[in-house]
Amino acid sequence: MGEPFSVKDCALLTLATGKKAQNLQELRDRIITAHPGSIYYHFWGGMLRSSFDDPEYPNDFAVWAWRGIHDAPLAERLALIDPSDYADLENLRQEVIDVIEQRLDETEHIPWAQKDHQFHLMRSQIVIFDTDIRLHDVESLARYIQRCSRSSIFYHFIDSRRRTASRHDDFSEWLMGLGEDHSLLIDTLAAIDPFFSTLTELREEIAQAMIHYVDRGKSDAISGRI
Amino acid sequence: MRSLEEYSPIVGEDVIDQIRQLARVLQGAKIVHVNSTREGGGVAEILHWLVPLKQQLGLEASWEVIKGGQAFYECTKSFHNGLQGNHVQIPESLFKAYEETNRQNVEELRDKLASADFVFIHDPQPAPFLKACPERKGKWIWRCHIDVSHPFRPVWKYLREYVVGYDASIWSLADFAQPLPHPTFLIPPSIDPLSEKNMDLPAEEIEAIRQEFNLNPDRPVIVQVSRFDRFKDPLGVIQACRLAKNYTPFQLVLAGGGATDDPEGARIYYEVMEAAGADPDIHALLLPPDAHRTINGLQRLADIVLQKSTREGFGLTVTEAMWKGKPVIGGNTGGIRLQVVNHHTGFLVNTPEGASNRIRYLLKHRAKIDEMGRKAKQFALEYFLLTRHLREYLTLMVAITHASEERIELS
């Protein structure tokens, strides 16, 4: 029997950095010198803050490329960047710079935004706290997920991908350490794309996967006894 | 006073649990909020729920109001206009009244302010409090609710001297945040879904409000609720409606409450009455500051809500309308842009002509009114209710005591 699962929660604060970009070249320059926290915020923080979900563009750079400078090819390329594919924020930063520079090479004119549609570079502070909730088995976890906070889902399922060496979600990491074979559930969780749904929808999806897995295990056990 | 648990059926138990957990590390903290009016305007409305809820969470929160005379309010109204971009000329005598009023108010509150763990100073009116209280021990935060994206520079330059020394500032939007040498947090405001202005109302009460203001039940109603203030563009609203009424019949309600710190309201109301003339379909209503249920009823009677501001801090009236499931036609400015997502929760417009076109479009496509209204309500539920706002205030108090660390792990 491994350690119980410690449920943590988090709250995100947004800070203005005062850095703005009026055109694509300025954006590239601001990203080069930006605090790593800004890269985190514009890729990962979006899910935790007040913004209308844009199903097409999962990060702020892509959204601005479309809404700010109306460059659809650039918006599509930036939207494709999955932050969890990169070992750290510096690699992620470099990828964004590469995509923007490629676009700058392709275009004759530097795309500009209207005066009041600048890109505001921001950063975040994240406060993480222990809920004192400990879950000792998969079934307890499955039942709990349905009522845990959306920010807790963010912390354990999204933020974990840049925190953990394996870039897994925390639930899978814990399941791997239980000493039992939960690979079916781990594979199911790995197949959930966290970037195109709200945290409420994501919570539902994870809860359904876990409950289905637990219920199936129970019915298998019953049929085994029969 | 409502308990935090009463919000649970609306926002979910998980949201309430999270707030309680965050508040645990702040138990017993002494918090003082200072603003300039107890009734009228968005700031007072926020403090009416924020302070009692902090108290319920075990924090020693209190709310003080700066008291001043006519010259003080004339000065701060000019600040307000100047910060929103108007080229105002402020006589030296008003600056003196502003500084003297602040000095006197700090004297009355000195012990309380000096011993507080956190002091939140709202807007420019009490901004000089910090300089007048050098013996302070806690963290002082200046909360700016105004659109300062394009300020009249002399006014901002004067106020900046008072604001620069704060430990942090809070702004509603990134566009508004001015460069300052301290952390500048972005926290949009919110509404209280259980307040008289936003709670569900019985159908009979809504009907009584319809009758009270002689609104025809057979014709659509378009409502703008806001103070009678030039930046809310009530005259532009009348122009937009006159243009649209050439094509489709409806009634316009312009309803404004007064605020004790706004001496300009009566002048603008007079101009609106003149512009409305004898048109029976334009209802300009000057409502008392506590007419919350009436405003609630008018918003619920509306088919479409307008907020055609040319400058806007955040636009809580937009949030209120969205919470009631109404599409909003809003001015393309300030916090309205954060809430009105073009073609999803309403339309952003830049001119009376633009507003007129969108009114005609929505009245023609009634299904769109319902679809946008549904999306607007869901958006308000997830992001613009007081529970999110309260959580961010608590988080900020925790964060500000940990310098500028990016990740703060509480044990």
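Here are three short exercises with worked solutions on a predicted model of two chains, A and B.

Residues are numbered from 1 along each chain as written, and chains are lettered from A in the order in which they are written. Local features need pLDDT of at least 70, side-chain atom pairs count only at pLDDT 80 or more, totals for chains, interfaces and linings use all residues, and side-chain values use heavy atoms, without hydrogens or water.

**Exercise 1. Find how domain 1 and domain 2 of chain A meet.**

Step 1. Mark the bounds: an automatic or database domain assignment gives domain 1 as 10–123 and domain 2 as 137–225. Their centres, taken over C-alpha atoms, are 30 Å apart.

Step 2. Collect the residues in contact (heavy atoms within 4.5 Å): 16 come from domain 1 of chain A and 14 from domain 2 of chain A.

Step 3. Look at the buried area, which is the accessible area (1.4 Å probe) that two parts lose on being put together, summed over both. Here it is about 1,400 Å², with 70% on carbon and sulfur atoms. On the domain 1 side, Cys10(A), Trp44(A) and Met47(A) lose the most area, together 43% of what that side buries.

Step 4. Check for salt bridges (a side-chain nitrogen of Lys or Arg within 4 Å of a carboxyl oxygen of Asp or Glu); the rule finds 0 between these domains.

**Exercise 2. Explore the largest nonpolar core and the contacts of Phe154(A).**

Step 1. Recall the term: a nonpolar core joins buried (under 20% relative accessible area, 1.4 Å probe, protein chains only) Ala, Val, Leu, Ile, Met, Phe, Trp, Tyr and Cys residues through side-chain atoms within 4.5 Å.

Step 2. Find the hubs. Among the 115 residues of this core, Leu78(A), Phe154(A), Ile206(A), Leu113(B) and Trp171(B) touch the most other members. Helix α10 (residues 199–225) of chain A, a DSSP run of H or I with at least four residues, gives the most to the core, with 8 residues.

Step 3. Zoom in on Phe154(A). Leaving out residues up to four places away in sequence, its partners include Cys10(A), Trp44(A), Met47(A) and Leu199(A).

**Exercise 3. Describe the contact between chain B and chain A.**

Step 1. Count the residues: chain B supplies 39 and chain A supplies 40.

Step 2. Size the interface: about 3,500 Å² is buried, and carbon and sulfur atoms give 51% of that area.

Step 3. Look for charged pairs. There are 6 salt bridges between the chains. Asp14(B) forms a salt bridge with Arg203(A), with the closest N and O atoms 3.3 Å apart.

Conventions:
Buried < 20%, exposed > 50% of the residue type's maximum accessible area, 1.4 Å probe, protein only. Helix = DSSP H or I, 4+ residues; strand = E, 2+ residues; numbered from the N terminus.
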